[in-house]
Amino acid sequence: MDPSSFNPASLHLEELTWPEVGAALEAGWTRIVIPVGAVEQHGHHLPLAVDALRGREMGRRVAERRGSALVAPVIQVGCSDHHMGFPGTLTIRRQTLQAIVEDYVTSLAAHGFSDILLMPSHGGNFLPLREGLPEFRAALKRGAGCDGGETAIHAYSDLDGFLELWKGAVEAQGGDPSGVGGHAGLAESSEMLAIRPDLVRRAEARPGVPGPSSPELIQKVLTEGFRSVTDVGVLGDPAQMSAPFGEACLEAVSDAIAEYWQAQVQERVSSS
């Protein structure tokens, strides 16, 4: 069967029945994206689930762009120890996250998924996923019931590029890119207005650290915690938030991640 002629009931793996997943694999739908999110503070105006919700939405958009691809259940909780100064944040150790990812990819490979993308939607997950790639690939080769040589796994890990995509999308829509910040600022707030406006407490929005986030600021946040730079938990200013800005950010990021995935596959084919 031509994979393009197959139409699954949903792109989200957990919404399908096992026969539907089997039919998808039989039809050549062997690509899958794993969103890796977080449950952590996002200022006074956004819920703790921002990164998990954004991850699920971006996963769907990336899968649509890649074609013949499904979306695995979001890994809900990530490495958020730098947010623990704010009530409600949950965090897991880097080793725990990497163990969860390893179990995800070996399970999926055992069923026949042969092209896997790890897609972080939380800044604290980028480095653990990149550093864990060698072990994830080794686990696939060790895994019973799957052929690691036939399974490709990639991780989108360009955090700086991710922030630049947000800024470019906001600026292209006539917004001020300095408000993007990098956490609960203009971009994330706008994305939530596009995804789940019912969860945005717009009247409670407060500005945080002004201007674009520098590498030095991000490093301070990661090593000393968010409370070391802001009492409101925000980098940037969400004042201009809008659903159109959010849609533009989601589209720009999803385009870039899908293109990255395709390029990684082409590079692997060229080098084999």
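## Cavity lining, helix H5 and aromatic pairs

Twenty-three residues line the largest cavity, that is, 23 residues in the lining, and those lying nearest its centre are Gly123, Gly124, Leu159, Gly182 and His183. The elements that each give two or more residues to this lining are helix H2 (50-66), H5 and helix H7 (215-224). This is a predicted model, and local features are described where pLDDT is at least 70. The largest cavity holds about 290 Å³ of space, and the structure has one cavity of 30 Å³ or more. Sorted by class, its lining consists of 10 nonpolar, nine polar and four charged residues. Rolling a probe the size of a water molecule over the atoms shows where such empty space is left.

Helix H5 gives the most to the lining of the largest cavity, with four residues. H5 itself has 14 residues and spans 20 Å from its first C-alpha to its last, which is close to the 20 Å expected at 1.5 Å a residue. Buried residues in H5 are Gly161, Phe162, Leu163, Trp166, Lys167, Ala169 and Val170. Just after the helix, Gly174 takes a positive phi of about 90°.

The aromatic residues offer a second way into the structure, which holds five aromatic pairs. One of them joins Tyr156 and Tyr260 edge-to-face, with 5.4 Å from centre to centre and 85° between the planes. Tyr156 lies in the loop between strand E4 (152-155) and helix H5 (159-172), while Tyr260 lies in helix H8 (residues 243-271), so this pair ties together parts that are 104 residues apart in sequence. Tyr156 is buried, at a relative accessible area of 6%, whereas Tyr260 is partly exposed, at 23% relative accessibility.

Another pair is formed by Phe162 and Trp166, whose ring centres are 5.1 Å apart and whose planes stand at 75°, so this pair too is edge-to-face. Both residues belong to helix H5 and are four residues apart, about one turn of the helix. An α-helix has 3.6 residues a turn, so residues three or four places apart point the same way. Phe162 is buried with a relative accessible area of 4%, and Trp166 is also buried, at 3% relative accessibility. Ring pairs link these four residues and Phe126 into a cluster, made up of Phe126, Tyr156, Phe162, Trp166 and Tyr260.

Aromatic faces also meet charged side chains, as the following table sets out.

| Charged residue | Ring it lies over | Distance from the ring centre |
|---|---|---|
| Arg66 | Trp261 | 5.3 Å |
| Arg227 | Phe86 | 4.2 Å |

The backbone has some features of its own. Most residues other than glycine have a negative phi, and most peptide bonds are trans. Ser68, a residue other than glycine, has a positive phi near 50°, and Ser68 is found in the loop between H2 and strand E2 (69-71). With a relative accessible area of 15%, Ser68 is buried. Ala184, likewise a residue other than glycine, has a positive phi near 60°, and the loop that holds Ala184 runs between H5 and helix H6 (186-195). At 0% relative accessibility, Ala184 counts as buried.

How values were computed. Residues are numbered from 1 along each chain as its sequence is written. This is a predicted model: local features need pLDDT of at least 70, side-chain atom pairs count only at pLDDT 80 or more; totals for chains, interfaces and linings use all residues. Side-chain values use heavy atoms; hydrogens and water are left out. Rings of Phe, Tyr and Trp (its six-membered ring) pair if their centres lie within 6.5 Å; planes under 30 degrees apart count as stacked, over 60 as edge-to-face and the rest as tilted. Buried means under 20% relative accessible area, exposed over 50%, partly exposed in between (1.4 Å probe, protein chains only). A charge sits over a ring if NZ of Lys or CZ of Arg is within 6 Å of the ring centre and within 35 degrees of the ring normal. The expected span of a helix is 1.5 Å times one less than its number of residues. On a 1 Å grid over the protein atoms alone, a cavity is a set of points where a 1.4 Å probe fits but cannot get out, and a pocket is an open set with protein on both sides within 12 Å along at least five of seven lines; lining residues have an atom within 4 Å of a point. Grid points are joined across faces, edges and corners, and a volume is the space filled by probe spheres set on the points. Ala, Val, Leu, Ile, Met, Phe, Trp, Tyr, Cys and Pro count as nonpolar, Asp, Glu, Lys and Arg as charged, and the others, Gly among them, as polar.
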